[in-house]
Structure formats: C-alpha cells, structure tokens
Amino acid sequence: MKRNKTQIVEEYINIHIEEPPQKFVLPTGIDLIDCVLMGGIPVGAIVNIVGEESSGKSYLATEIIANAKLKLADKYNVIHKYDDAETGYTFDTKPIYGFDVVGEDDDASETVEEFALNLKREIAKLDDEQFLLYVLDSLDGLSSKDERKRDRKLMNALEKGEEPNGSYQMEKQKYLKSFFRVRSKEIKNKNCMLIILSQVIYNTSNMLFKTKYTRAGGKGLDHFSYAVLWMKEVKKIMKKGRKVGSVLKVQASKLKAKRPERECFVDLITDYGFDNISSNLKFLYDLRTESGDDKKKGSKKKSNIIWDDEEYSLDGMIRHIESHNLEAELTKRVKAKWAKIEGEISSEGRKSKW
C-alpha cells in the first residue's frame, strides 16, 4: 500500500529523533547545534569551529568539554587539554562549569610541530578507560619552525641594514597536509576528539564563487574534519542598556552526514554560557525571524507560549521548565519538530530511479 506524505513524515520522526548509530556520539550540550550535527560529534572526529572574535567559539568548545565530563563520567575518566596557542583565554570558567578550562600547568603550543607532538603525546597516554578532548585555540596562533627560522634571518638582515631575501612561504599549510593524514588515523582509533578553533580571514580572491571569508588550514583541514561549524554574532542581547550576551548563528558548511549545511540560532549569555532552554523555546514556538531577531509582540505571531494547554510568557516558560525539571521533555519536542521539518522536505518515499 502506498504511504501518504503524513505517514512518511511520522515514520521519519520516529527514526531520526534519536542519535545516528555510531560507535559513540557525544552531544554538544546545545540541542539545536546537535540537530545541525545530526546528533552530535562521533568519537574519533576532528571538528573545526570558525568565527570572528566574540563569536562564541571558545564558549562552544568549553561547553562540549563540560558536557563530556557530565555525560561520560560513568563510562570514562574524561581528560581535556585546552591548548591556548593564542594565550587569549581569559574566561573564569569555574563559576559556570565547575572547573578551570585552562590549567596552570598547561603549556601552550607555539608552532604546528609542537602542537602535533603535544597531541601525539596526549593520545599515546590514553587507556581504554579514558576519553580525551583536545582543543586547539587557535590554529591561527601557531607559527612553524621554518617560519621562525626565516623570521630570524629577516631580523638579522634588517639589523645589519641589508636587504632581506626570500618571500613568504606556506610552511604551516604544507605541514598540516601531512599532519592531518597521520594524526587523523590515530584520533579515529582512540576514544578522543580534536576540536580546532579558527579565526575568519577576509578572502581577497576575485575568483568566481569564492566566499567573502575563509580560514587558515588549507585542504587538509577541509578534508579530514567531520564537521566545519561557522559561528557569527547576529544580535546583541541587552538588559538595561548593557550587553549581557549574543544571538549566534551556527552553520555547518561541511558535515560528513546525510544532511549537511544546516543552521540554527542560539543564545549565549556571557556569565551563564549557552542558554539551551531559551534557544529551544524560540525555535519550538517560532519566536525568531530568519535573521535571528526575536519577534516582537506586535507581529503576527505573538511571543506567548502554549505548553500543555497553559499560556506562558517566554521568561515564565523558562522558569516553568527549570522549576519542574522539564528540560528533557523540551529537548524531545525540539528534536521532534526538527525531524518533522526534515521529513517534510525529504525525498524519502519517492519511487526509486534505479
């Protein structure tokens, strides 16, 4: 019997609201980003998070670490290494997450070669009862041994009043090609994940179809990453005339999964972290515009929320969710709506071409 579209969508929801079958998938802790990633990050994956300054990259990496410590505590001894190559991590994470992300004894890598060695050492120490989350913040903060050698020659020449010889070479990009080929296999075979943060770079190329922005890392990072997430602040969250957070757009420009290039909007509060409840409610009740702005009460769709036949304001609904421990139920409804939309646009149910 031929199924109608409603039956196909219902079957799709039942199948796809659960995480995809992987050896092990770690949720990020932010439900809408998990939906973009089709469940979360598989063990052994490399993930690249790209964005401008103050776009939430470090917050997202920290949230993933905190969620791993929470969700995997019964199975693994979770070890994290935050390689602060830019020495720019100044957040006091202990009040929010209960631990310091950057330890006092953590030595930051200065070159891509040091980073490769530090990562290899951390992976080599792992046993079956441990799980490693290695974060590099950021790739742009690393030089290379050849680059440093060339810089010393340049400085010596300038001090002597001589004309410097040579030109800029792509030492870091060349090294990274071989790095990703070798290290990606080691990462894949262990209980670990590598998260690489990148700064956006203005793309000066005039070639057709080139995007406005790019990032360092070359083809190696593109090819070996499970996911590349681009983050951007689209709106400031203000209270009493002061900024308290940001609305962020998170878009997967690459995803090794069935449905890539999805995007979402999430709220980040500076002294709280990602507001999963607020973000979920705004998605579930269509309280955002396509640009990420919150819809005003004077718009066609009011911001009041109907939950189990009771009406709430957004703030009232957040308090209701938290006081009644309804976070899991909210997550379930958000995933069901996301899956429903995917089912409605899916080609499943069409006659096979072959």
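## A buried helix residue and three backbone outliers

I187 lies in helix α7, which spans residues 171–188. The model is predicted. I187 has a relative accessible area of 1% and is therefore buried, as the limit for that class is under 20%.

Which residues does I187 touch, leaving aside those up to four places away in sequence? The contacts are G44, A45, I46, L119, I123, C192 and L194. One of these partners, L119, is 68 residues from I187 along the chain, and the C-alpha atoms of I187 and L119 are separated by 9.4 Å.

The backbone is the next topic. Most residues other than glycine have a negative phi, and most peptide bonds are trans. Against that background, two residues with positive phi are listed below.

| Residue | Phi | Loop between | Relative accessible area |
|---|---|---|---|
| M38 | near 55° | α2 (31–36) and β2 (41–42) | 21%, partly exposed |
| N325 | near 55° | α10 (314–323) and α11 (327–345) | 63%, exposed |

Why does M38 count as partly exposed? Its relative accessible area is 21%, and the class covers values between 20% and 50%, so M38 falls within it. N325 has 63% relative accessibility and counts as exposed because the cut-off for that class is over 50%.

Where is the cis peptide bond? The bond joins D137 and S138, with omega at about 0°. S138 is placed in the loop between β5 (130–137) and α6 (145–159), and D137 is the last residue of the range given for β5.

Terms used: Residues are numbered from 1 along each chain as its sequence is written. This is a predicted model: local features need pLDDT of at least 70, side-chain atom pairs count only at pLDDT 80 or more; totals for chains, interfaces and linings use all residues. Side-chain values use heavy atoms; hydrogens and water are left out. Helices (H or I, at least four residues) and strands (E, at least two) are DSSP runs, numbered from the N terminus. Buried means under 20% relative accessible area, exposed over 50%, partly exposed in between (1.4 Å probe, protein chains only). Contact means heavy atoms within 4.5 Å.
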